[in-house]
Amino acid sequence: TACTEGQETVSQHRDLEDVQGTRCLPDQQAPLYNGRVILTLSAGVSFWGAGFDYEACEPAFALNGLQVPAEDFEAPLRQVLDPPEIRRFLCFNSYRFLVILSPALYVLALCALFSTFHFFLHSYIEEYLILSCLGFSTMALIFAGAVALFLCRSRDQIIVNSDVRLMKANEKLRGHRLLVGLSDYMENCTGRLQLTFCFFDVGDCLQRLTQLLEGSPGSQSPLQAKMHQKLGRFCVSVTEGGPTFLHAVAVEETESEETPLLDGSGERKESCEPTGPGRPRSALAYTVAVNLVPRGTPQEAASQLLTLYSAVYARLLGACQLPRTLHSLHAQDAAVPCLCQHIESSLACPCFP
């Protein structure tokens, strides 16, 4: 497929050796085109694992003629993917955990059905034991399959805890014509979690989205209406405020009549101590819900849409879940819809989550 074209596993040699088989570097002779996968990093989904090996990124980018400083990808990615709460979310929301959960649900349902019916229909169950076990197994299998299917179908197209958190990294990588996304998919009945870097110049997509968002004066464009309708329910929680450093104006150290001679108590001293010059003072922190609907001029809204969907696009591209097409506008060589086409089709889809 197009998303695996030119990729090869690097053996243990030079400074790009891969001792765990978690890095996959492409052929350096392949030309760069929109939608081409540059690098994939694989890692375990457990939050106690080692995570991704970001040291493989910079050499892989250099092999393809892309000079990307480490501060433009390593620091944002570590900030997004390394916190323990995010690792736990990736673990329990992954297909690998679903593969483990399904047999557990089957065994649990089978035991519950057998014990319940055996309690009320003891004689009947013992008389037709084999037939009863087959019936209970079938019902337990249907139950486990239905729960697994529901969990798969209930996944949002935009995953807030991964795709939205990668917006900051994609905002920096867009200047280097790169997109990054976190892919979680099934392969050979096993779940895989990988970080996908793909080459994409979003200039043409930005221009087309800007034109689509420019409605007539006094009215919204069709894409704007769909954008408000589909993205209106997506919100992220942002904590504002928190500890700040308040620097007081320098005052004379001479005593005055307003200077207290003695502190009233130890509690008073502790409460006044953080308020001195240069001392940290805790400010009131509060959480606000920020809507993901892009705002501003059509060009600003188009840029925000591209940043929001960059992780989604790279995730689907790395998992080979983008549909094949011969009518791509800006990704003809990859034979997949370009980023602006994917955004337009996602917003227009009636089954958009």
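The legends below describe an overview and several close-up views of a predicted model.

**Figure 1. Overview of the protein chain, with 13 helices and 9 strands.**
The chain has 353 residues, and 39% of them count as buried. Its accessible surface comes to about 20,400 Å², with carbon and sulfur atoms accounting for 57% of that area. Of the contacts between residues at least 6 apart in sequence, 69% join residues at least 24 apart. The structure contains 4 salt bridges; some of these appear in the close-ups that follow.

**Figure 2. Surroundings of Val-312 in helix α12.**
Helix α12 spans residues 298–318 and includes Val-312. Val-312 counts as buried because its relative accessibility is 0%. Leaving out residues up to four places away in sequence, Val-312 touches Gln-157, Ile-158, Asp-163 and His-342. The view also takes in Leu-339, which is 27 residues from Val-312 along the chain. The C-alpha atoms of Val-312 and Leu-339 are 9.6 Å apart.

**Figure 3. Asp-163 and its polar contact with Arg-315.**
Asp-163 belongs to helix α7, which covers residues 160–164. With a relative accessibility of 0%, Asp-163 counts as buried. The side chains of Asp-163 and Arg-315 are joined by a polar contact of 2.8 Å. Beyond four places in sequence, the residues in contact with Asp-163 are Gln-157, Ile-158, Ala-311, Val-312 and Arg-315. Gln-157 and Ile-158 are therefore shown here as contacts of Asp-163, and they also touch Val-312, the residue shown in the preceding figure.

**Figure 4. A nonpolar surface patch of about 890 Å².**
The patch is made by Phe-117, Phe-119, Phe-120, Leu-121, Tyr-124, Tyr-128, Leu-131 and Met-139. Helices α4 (95–120) and α6 (129–153) each supply at least two of the patch residues. The most is given by α4, with 3 residues. Phe-120 lies in α4. With a relative accessible area of 64%, Phe-120 is exposed.

**Figure 5. Ala-146 of helix α6 and its distance to Ser-102.**
Helix α6, which contributes to the nonpolar patch, also contains Ala-146. Ala-146 has a relative accessibility of 43% and so counts as partly exposed. In sequence, Ala-146 and Ser-102 are 44 residues apart. In space, their C-alpha atoms are 9.8 Å apart.

**Figure 6. The buried residues of helix α9.**
Helix α9 runs over residues 203–213, and its buried residues include Cys-205, Leu-206, Leu-209, Thr-210 and Leu-213. These residues lie on the same side of α9, because the arc they cover around the axis is only 135°. Among the elements covering them are α10 (222–231), α12 and α13 (339–348). Helix α12 is also the one that holds Val-312.

**Figure 7. The salt bridge between Arg-208 and Glu-344.**
The two side chains meet with an N to O distance of 2.8 Å. Arg-208 is in helix α9 and Glu-344 in helix α13, so the pair ties together parts that are 136 residues apart in sequence. Arg-208 is partly exposed, with 21% relative accessibility. Glu-344 is likewise partly exposed, at 30%. Helix α13 is also among the elements that cover the buried residues of α9.

**Figure 8. The buried residues of helix α2.**
In α2, residues 74–81, the buried residues are Pro-76, Leu-77, Val-80 and Leu-81. They cover an arc of only 105° around the axis and therefore lie on the same side of α2.

**Figure 9. A network of salt bridges linking Glu-74, Arg-78 and Asp-82.**
The side chains of Glu-74 and Arg-78 form a salt bridge of 3.1 Å, N to O. Glu-74 and Arg-78 are 4 residues apart in helix α2, so about one helical turn separates them. Arg-78 also forms a salt bridge with Asp-82, in which the closest N and O atoms are 3.5 Å apart. Glu-74 is partly exposed, with a relative accessible area of 24%. The corresponding value for Arg-78 is 35%, again partly exposed. Asp-82, at 31% relative accessibility, counts as partly exposed too.

Technical notes:
Residues are numbered from 1 along each chain as its sequence is written. This is a predicted model: local features need pLDDT of at least 70, side-chain atom pairs count only at pLDDT 80 or more; totals for chains, interfaces and linings use all residues. Side-chain values use heavy atoms; hydrogens and water are left out. Buried means under 20% relative accessible area, exposed over 50%, partly exposed in between (1.4 Å probe, protein chains only). Contact means heavy atoms within 4.5 Å. Accessible areas come from the Shrake-Rupley method with a 1.4 Å probe; for residues, only the protein chains shown count as cover. A polar contact is a pair of N or O atoms within 3.5 Å; within protein, one must be able to donate a hydrogen and the other to accept it, and residues adjacent in sequence count only if both atoms are side-chain atoms. Patches are made of residues with over 30% relative accessible area and no salt bridge: like charges are joined within 9 Å, nonpolar side chains (Val, Leu, Ile, Met, Phe, Trp, Tyr) within 5 Å. The arc is that of the directions from the helix axis to the C-beta atoms.
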